Amino acid sequence: MTTDAAAVPDWEMRFRAPRVSLPDWAEDAPDRALFVSNATGTYELYAWDRSSGRQRQVTDRPNGTTDGVLTPDGEAVWWFSDTDGDEFGVWMRQPFGGGEDEPAAPGLAPSYPAGLAIGRDGSAVIGRSTDEDGTTIHLVPTPGAEPVEIYRHRESAGVGDLSHDGTLIALEHTEHGDAMHSALRVVRPDGSTVAELDDTEGGTKELGLAVLGFAPVAGDTRLLVGHQRRGRWEPMIWDPVAGTETALPVDLPGDVGAEWYPDGSALLVEHSFEARSELWRYEPGTPEPVRVETPAGTVSGATARPDGTVEYLWSSAAQPPVVRSTSGAVVLDPPGAKAPPSVPVQDAWVEGPGGRIHALVQKPAGEGPFPTVFEIHGGPTWHDSDAFASGPAAWVDHGFAVVRVNYRGSTGYGRAWTDALKHRVGLIELEDIAAVRDWSVASGLADPERLVLAGGSWGGYLTLLGLGTQPDSWALGLAAVPVADYVTAYHDEMEALKAMDRTLLGGTPEEVPERFEASSPLTYVDAVRAPLYISAGVNDPRCPIRQVENYVDRLAARGAVHEVYRYDAGHGSLVVEERIKQVRLELEFALKHLGGGAVVGAPGPEAA
């Protein structure tokens, strides 16, 4: 990594600056914590003994590691070991203080992960997904013991949580065939069913449920559940043993999630509304929640500590992330140069064919119209927020405005907005993007001759689809890890995503071929006129490389202006220098074809 901060441009420093995730702590040993950091230049897991201040790097792999969890006693770290980002692997276990890694469940073959819960008695409940078996869930009674299968189904499912005493296991499942709306089942360790909660009515009703966690108290069988019964996500308490449901009077606009305080006496409520978020404390039985003060912006994660304080990861579009405490302290401040700030985000509300669309706008100094990048989020069930993002900030540094659109299908605006994305997949989102594009030009923000459609994953898919279905609207496209050939992508992708595609499109490519054809970028590839840059991971299980190559072959066959960058990772890279390289290549491609200055800090010919 570069060490001379004065010679590094701001856009690169935002990627290189050391970052940390919100530390997770062991339930019965709260001074033992686990977090993710890019301190070495690659995102890896770190153990932190808060009583002594000692930090130790747990994992060290060429393509990074981010999936890990502490055992309740804090004695061991479980981490997921895949191959070069392919997401297919096994759980490993390492002592908290250091030592050799060993397979955590040696009797289980590699798979895609489908949830994990670790008990206080050393048991573990492990979810797995494979193309051959669908979802299977296994109980490992004691460390090293032979796993026992307690659940199997072709449709996607996962482990939600394990009760404090280990006698109840909460599962999320989609046996009804709707991968966007889960039902819940609570079972005993032998797999026998205790209770069911299903708001889908067998798949005829589009209402989902989510496991938020069992009460962290011995003998307490209450389960905190997220539901959509009032048109948005909000919590309730379900006791599967007593058969009772308790609604919570948390009447805040937008989506509401929650988790338990460590003694089970209260809930830490996370409230997301119009691309910002905040925290509240709610004690069951009281009339209303009490605000937990946080700055304006986005709380990306929060946890209540045993002493009652709350720790949270906060950022805004202008200010980089920091782990703070309600005590006023910075909880975990990595050493090294800090990320330079960026510009604040502005809200735009645009009338669209399906209702008001929320867009977030960042722009450079000066008067428009500006060359403008429409940076489209992935998911699709996700949303952009007022949070720090190094990619958009890099475009602003180079004189571009950046517009991010929370199109239909995005979360955070109610169930109807998210669930609007059905059957006309891709085309619906692009209608909203087109409405915001027209607004950006009419308002004087965007130069209509220098409009860039860009995004990664689902955003990359929408970029390719948009260039083909709206060829007169865009001057250039930048697609990272995209869906490019929907039929081939379906056949090659991981099983859980097959289930999601069947839900979105109403069946398989064989059952609804006309929908897959209408929603596939490959269908419109010959209409693409804008210069196009594509980047893809060769080990990607979500947007596999073969379907990208099919699309690229069609571009090449007719001599379309395009560049392709392939890298040795999965669905994106956890290596800082690789990510910087990818952004630099995108900047260079855009400036070459749209005109403008050189990329700030780009290597000269001798360094290329």
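**View 1. The lining of the largest cavity.** In this predicted model, 13 residues line the largest cavity, and those that lie nearest its centre are G89, V90, W91, L108 and I126. The elements that each contribute two or more residues to this lining are strand 7 (90–95), strand 9 (112–118) and strand 10 (124–130), and it is strand 10 that gives the most, with three residues. Sorted by class, the lining of the largest cavity consists of nine nonpolar, three polar and one charged residues. The space inside the largest cavity comes to about 90 Å³, and the count of cavities of 30 Å³ or more is one.

**View 2. The open sheet of four strands.** The strands of this sheet follow the order 13-14-15-16, and their pairing is antiparallel. Strand 13 (157–162) and strand 16 (193–197) stand at the edges, where each has a single partner strand, so one side of each is left without a neighbour in the sheet. From one strand to the next, the twist averages 20°. Strand 13 and strand 14 (residues 169–173) run antiparallel and are joined by five bridges; the bridge partner that G158 finds in strand 14 is E172.

**View 3. The open sheet of eight strands.** Here the order is 29-30-32-31-33-34-35-36, and the pairing is mixed. The edges are formed by strand 29 (346–352) and strand 36 (562–567), and because each of them has a single partner strand, one side of each is left without a neighbour in the sheet. On average, with direction ignored, neighbouring strands of this sheet are turned by 20° against each other.

**View 4. A parallel pair and two helices on the sheet.** Strand 31 (residues 370–376) pairs with strand 32 (residues 401–406) in the parallel sense, over three bridges, and F374 stands opposite V403 in strand 32. Helix 4 (residues 427–442) lies across strand 29, strand 30 (355–362), strand 31, strand 32 and strand 33 (446–456), and runs at about 145° to strand 33. Helix 9 (residues 545–557) also packs on the sheet, where it touches strand 35 (532–537) and strand 36, and its direction makes about 155° with that of strand 35.

**View 5. Confidence along the chain.** The protein chain has a mean pLDDT of 95, with 98% of its residues reaching 70 or more. Over residues 604–608, however, the pLDDT is below 50, and this stretch has one contact in the model beyond near neighbours in sequence. Where pLDDT is low, the predicted coordinates should not be read in detail.

Definitions and conventions. Residues numbered from 1 in each chain as written. Predicted model: local features only at pLDDT ≥ 70, side-chain atom pairs only at ≥ 80, totals over all residues. Heavy atoms only, no water. Pairing = 2+ DSSP bridges. Axes fitted to C-alpha atoms, helices over the stretch in contact; angles between N-to-C directions. 1 Å grid on protein atoms, 1.4 Å probe; cavity = no way out; pocket = protein on both sides within 12 Å on 5 of 7 lines; lining within 4 Å. Points joined across faces, edges and corners; volume = space filled by probe spheres on them. Nonpolar A, V, L, I, M, F, W, Y, C, P; charged D, E, K, R; others polar. pLDDT = per-residue confidence, 0-100. Contact = heavy atoms within 4.5 Å.
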